[in-house]
Amino acid sequence: MAELPTLLAVAVVETETGMPLASHTNVADFDIETAAAYNTEVVKAKLKAIKALNLNQTVQDILLTLTDQLHLLKLSPTGDKFIYLAVNSRDTNLAQARQIMKMYSASLN
């Protein structure tokens, strides 16, 4: 949190089930479990599309830009987990947020 003061919510999510393994939110009405479940569907859809297109690629991260929030999904090296991060878009440096996510996702496996 000290590295990213604009944090709204963060979770480590199991890709198969969509269940958060760990989570934290700074916003009382941010339903992190529901957000994790729906963002799991985003990850699964992208992985399915890559497979259907026979692309020899892996998903590194997914960025969702909302009106005043950025939602980043960063997959672990094996893809069995991902970090879900929601931040305030007005005050967040996207490059910094991605670098922080990259650093922490490497330690998921």
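Student: What makes β5 count as mostly covered?

Tutor: Eight of its eight residues are buried. Buried means under 20% relative accessible area, exposed means over 50%, and partly exposed lies in between (1.4 Å probe, protein chains only). This is a predicted model: local features need pLDDT of at least 70, side-chain atom pairs count only at pLDDT 80 or more, and totals for chains, interfaces and linings use all residues. Residues are numbered from 1 along each chain as its sequence is written, and side-chain values use heavy atoms, with hydrogens and water left out.

Student: Which residues lie on the two faces of β5?

Tutor: One side holds K81, I83, L85 and V87. The other holds F82, Y84, A86 and N88. All are buried, and both faces are covered. In a regular strand, side chains alternate between the two faces of the sheet.

Student: What makes β5 a strand, and how many strands and helices are there in the protein?

Tutor: Strands are DSSP runs of E with at least two residues; helices are runs of H or I with at least four; both are numbered from the N terminus. The protein has two helices and five strands. From the N terminus on, the order is β-β-α-β-β-β-α.

Student: What makes the protein as compact as a globular protein of its length?

Tutor: Its radius of gyration is 13 Å, close to the 13 Å that the globule rule gives for 109 residues, so the comparison holds. The radius is taken over C-alpha atoms, and the rule is 2.2 Å times the number of residues to the power 0.38. The C-alpha trace spans about 40 × 30 × 25 Å along its principal axes. Of the 109 residues, 39% count as buried.

Student: How do you know that β5 pairs with β1 and with β4?

Tutor: Two strands pair if DSSP finds at least two bridges between them. β1 and β5 have seven bridges, in the antiparallel sense. β4 and β5 also pair in the antiparallel sense over seven bridges. E14 stands opposite K81 in β5, and L75 stands opposite F82.

Student: Why are β2 and β3 called edge strands?

Tutor: The open sheet has the order β2-β1-β5-β4-β3, with antiparallel pairing. β2 (20-25) and β3 each pair on one side only. Neighbouring strands are turned by 10 degrees against each other on average, direction ignored. β1 (residues 7-14) and β2 pair over five bridges; there, P20 in β2 is the bridge partner of V13.

Student: How do you know that α1 packs on the sheet?

Tutor: α1 touches β1, β2, β3, β4 (69-75) and β5 (81-88). Its direction makes about 120 degrees with that of β5. Axes are lines fitted to C-alpha atoms, for helices over the stretch in contact, and angles run from 0 to 180 degrees between N-to-C directions. Helix α2 (residues 94-105) lies across β3, β4 and β5, at about 30 degrees to β4.

Student: What makes a set of residues a nonpolar core?

Tutor: Its members are buried Ala, Val, Leu, Ile, Met, Phe, Trp, Tyr and Cys residues, joined through side-chain atoms within 4.5 Å. The largest core has 17 residues, of which F30, F82 and Y84 touch the most other members. β1, α1, β4 and β5 each supply at least two residues. α1 gives the largest share, five residues. Another core lies apart, with eleven residues, among them L7, L70, L85 and M101.

Student: Why is T15 called buried?

Tutor: Its relative accessible area is 8%, so T15 falls under the cut-off for buried. T15 is found in the loop between β1 and β2. Beyond its neighbours within four places in sequence, its contacts (heavy atoms within 4.5 Å) include T40, V43, D80 and F82.

Student: What makes the T15–K81 pair a polar contact?

Tutor: A polar contact is a pair of N or O atoms within 3.5 Å; within protein, one must be able to donate a hydrogen and the other to accept it, and residues adjacent in sequence count only if both atoms are side-chain atoms. The backbone nitrogen of K81 lies 3.4 Å from a polar atom of the T15 side chain.

Student: How do N54 and Y104 count: exposed or partly exposed?

Tutor: N54 has 68% relative accessibility, so N54 counts as exposed. N54 sits in the loop between α1 (32-52) and β3 (61-65). Its phi is near 55 degrees, a positive value in a residue other than glycine. Y104, in helix α2, has 40%, so Y104 counts as partly exposed. Leaving aside neighbours within four places in sequence, Y104 is in contact with E3 and I83.
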